[in-house]
Amino acid sequence: NFWGNGSMPLSAQIKATTASTVWSFIGVEGAVVLSGRAKRSSDVGKASLVGFLGIFAIYVMVAVLSMGVMPAEEMAAQENPQMAGILESAVGPWGAILVNIGVILSLAGALLGWTIIAADCPYSAAQQGVFMKAFARSNKNDSPSFSLYLTNGIIQLFLIVILFNDSTYQAFYSMSTTMIMVPYFLSALYYMKISATRLGFEHSSSGDLLKARIFAFVGTVYGIWMLYSSGLNQLLITTILYAPGIIIYALGKREKNAKVFSRSYEVFIAIGLVVLAVISIYLIITGTLNPF
């Protein structure tokens, strides 16, 4: 609502919808996560770009065309999935049936995709020596067996929690979105670093280098905006989930007989993360923060 109706200015609208937008596009990096299994590395970039543009086009069409079917107030009152009610209003009952079938197929695809991605991340980290060796175990089909069992076990626990309280889904998706914002930001920041130092760009043309620097800069600025728009309280809560990762990282380093922290500043980062996690737990217990 560019002109506003007195309830919320445009800047506040953009800030309020940033988390939902990021949540909608989480998973587009899936091709990169599984890039080690691709026959050609060039397919990874193409898959990511086509996937992003395809999702973007669908979202824009759904959002814009829906406004021509019914007022925003009626759309907001629709039950999930809202698109079923909207299409039913436009073409009749078969529209709702079509959308519901699409939702089933989408959920099945998402379940398969996230099962693979969630298991492959720690599996790849273990192969690189960052995580414990147990995560690098694979079965006869070269699938990350230990990582699959552990990650899916954790997912089942979260799903059980959601069953007991509907509001937890909103809380979990908000936390998940904020957590993914951190690696998105750090990835863009690292891309800006290597493009500035020309690391890996030694044989690139000046045009390609300039393009990389522009993308890296825009990505970094947007990463800062994402973290700001999510709110410091939400960012603080995510430390509760990030802090235990230090244990896995430390055990992985110990297995290699390597120093846990090779640089002195890493120690301060780890201590700071743990302290923030403890503060978050205390604030939640006292009721100052309420993630649910």
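Under the pairing rule applied here, eight aromatic pairs are counted. Rings of Phe, Tyr and Trp (its six-membered ring) pair if their centres lie within 6.5 Å; planes under 30 degrees apart count as stacked, over 60 as edge-to-face and the rest as tilted. Phe 52 and Phe 56 make a stacked pair, because their ring centres are 6.1 Å apart and their planes stand at 15 degrees.

The model is predicted: local features need pLDDT of at least 70, side-chain atom pairs count only at pLDDT 80 or more, and totals for chains, interfaces and linings use all residues. Residues are numbered from 1 along each chain as its sequence is written, and side-chain values use heavy atoms, with hydrogens and water left out.

**Aromatic pairs and cluster**

Both Phe 52 and Phe 56 belong to helix α3 (residues 42-67), where four residues, about one turn of the helix, separate them. Helices (H or I, at least four residues) and strands (E, at least two) are DSSP runs, numbered from the N terminus. Phe 52 has 35% relative accessibility and counts as partly exposed; Phe 56 is also partly exposed, at 43%. For these classes, buried means under 20% relative accessible area, exposed over 50%, and partly exposed in between (1.4 Å probe, protein chains only). Phe 25, Phe 52, Phe 56 and Tyr 59 form one aromatic cluster.

A second pair consists of Tyr 249 and Phe 261, with ring centres 6.3 Å apart and planes at 35 degrees, so this pair is tilted. Tyr 249 lies in helix α11 (residues 245-255) and Phe 261 in the loop between α11 and α12, so the pair ties together parts twelve residues apart in sequence. Tyr 249 is partly exposed at 22% relative accessibility, and Phe 261 is partly exposed at 23%.

**Charges over rings**

A charge sits over a ring if NZ of Lys or CZ of Arg is within 6 Å of the ring centre and within 35 degrees of the ring normal. The charged end of Lys 15 is placed over the ring of Tyr 228, at 4.5 Å from the ring centre. Likewise, the charged end of Arg 137 sits over the ring of Phe 146, with 5.4 Å to the ring centre.

**Salt bridges**

Two salt bridges are counted, a salt bridge being a side-chain nitrogen of Lys or Arg within 4 Å of a carboxyl oxygen of Asp or Glu. They are listed below.

| Basic residue | Acidic residue | N to O distance |
|---|---|---|
| Arg 40 | Asp 43 | 3.4 Å |
| Arg 263 | Glu 266 | 3.5 Å |

Arg 40 is exposed at 52% relative accessibility, while its partner Asp 43 is partly exposed at 28%. In the other bridge, Arg 263 is partly exposed at 45%, whereas Glu 266 is buried, with a relative accessible area of 16%.

**Surface patch**

Tyr 265, Val 267, Phe 268, Ile 269, Ile 271, Val 275, Leu 276 and Ile 279 form a nonpolar patch on the surface, together offering about 740 Å² of accessible area. Patches are made of residues with over 30% relative accessible area and no salt bridge: like charges are joined within 9 Å, nonpolar side chains (Val, Leu, Ile, Met, Phe, Trp, Tyr) within 5 Å. Accessible areas come from the Shrake-Rupley method with a 1.4 Å probe; for residues, only the protein chains shown count as cover. Ile 271, one of the patch residues, is found in helix α12 (residues 264-285). Its relative accessibility is 47%, so Ile 271 counts as partly exposed.

**Surroundings of Met 75**

Met 75 is placed in helix α4 (residues 72-76) and is buried at 17% relative accessibility. Leaving aside residues up to four places away in sequence, Met 75 touches Ser 66, Met 67, Met 70, Gln 82 and Ile 86, where contact means heavy atoms within 4.5 Å. Its C-alpha atom is 8.2 Å from that of Gly 85, a residue ten positions away along the chain.

**The chain overall**

The secondary structure comprises twelve helices and zero strands. The C-alpha atoms fill a box of roughly 65 × 55 × 50 Å along the principal axes. Of the 292 residues, 26% count as buried. The accessible surface comes to about 19,300 Å², and carbon and sulfur atoms contribute 69% of that. Among contacts with a separation of 6 or more, 58% are between residues 24 or more positions apart.
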